Amino acid sequence: MNQTMLTEAHVRVEHIPAHQYIGIWDIETTDYMNFWSRHDCDSICGTINSMSHVSHPIVTCHTAGWFYENGRKGYFYGFGVPDEYQGVIPDGFEIRKIPASVIIQK
């Protein structure tokens with residue numbers, strides 16, 4: 001006898017508002033460990049922790065991931081701030097605008 005198992009589909013839609021991202025954007029990094037061999041973890045994490053009071057409520061501190069620039073893959077690490085942020089940018093960090101996006105997860 002054939003049995004079919006049905007499960008309820010769960011769909012989640014997330015809206016990530018426009019924001020800015022302050023971080024280390026390293027186009028020369030080839031992987032996660034290479035990033036940390038090129039940068040001082042204690043210094044970067046300490047700087048990010050010291051600025052947690054200005055972080056975005058959704059795009060929080062200690063966010064990391066890959067980015068693409070001119071066909072090359074790089075790695076970034078840092079924290080999000082509100083789109084209107086015009087405060088201090090720590091030495092060695094840069095700020096970039098990130099447009100709003102919608103993520104649908106099934």
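Let me start at Tyr21, whose bridge partner in β4 is Gly80, while its bridge partner in β5 is Arg96; please keep in mind that what we are looking at is a predicted model.

Those two partners reflect how strand β2, residues 19-26, is paired: β2 and β4 run antiparallel and are joined over 8 bridges, and 5 bridges, again in the antiparallel sense, join β2 to β5. If we step back to the whole sheet, it is an open one of 4 strands, in the order β3-β4-β2-β5, with antiparallel pairing. The edges are taken by β3, residues 61-69, and β5, residues 94-98, each of which has a single partner strand, so that one side of each is left without a neighbour in the sheet. From one strand to the next, the twist averages 40 degrees.

Onto this sheet packs helix α2, residues 41-50, which touches β2, β3 and β4, the last of these spanning residues 72-82, and the direction of the helix makes about 30 degrees with that of β4.

How many of the 8 residues of β2 are buried? The count is 8 of 8, and the strand is therefore largely enclosed by the rest of the structure.

Let me turn, finally, to the surface, where Val11, Val13, Val102 and Ile104 form a nonpolar patch that has, taken together, about 400 Å² of accessible area. One of these residues, Val13, lies in strand β1, which covers residues 12-16. Is Val13 buried or exposed? With a relative accessible area of 55%, Val13 counts as exposed, because that term is applied to values over 50%.

Methods
Residues are numbered from 1 along each chain as its sequence is written. This is a predicted model: local features need pLDDT of at least 70, side-chain atom pairs count only at pLDDT 80 or more; totals for chains, interfaces and linings use all residues. Side-chain values use heavy atoms; hydrogens and water are left out. Patches are made of residues with over 30% relative accessible area and no salt bridge: like charges are joined within 9 Å, nonpolar side chains (Val, Leu, Ile, Met, Phe, Trp, Tyr) within 5 Å. Accessible areas come from the Shrake-Rupley method with a 1.4 Å probe; for residues, only the protein chains shown count as cover. A salt bridge is a side-chain nitrogen of Lys or Arg within 4 Å of a carboxyl oxygen of Asp or Glu. Helices (H or I, at least four residues) and strands (E, at least two) are DSSP runs, numbered from the N terminus. Buried means under 20% relative accessible area, exposed over 50%, partly exposed in between (1.4 Å probe, protein chains only). Two strands pair if DSSP finds at least two bridges between them. Axes are lines fitted to C-alpha atoms, for helices over the stretch in contact, and angles run from 0 to 180 degrees between N-to-C directions. Contact means heavy atoms within 4.5 Å.
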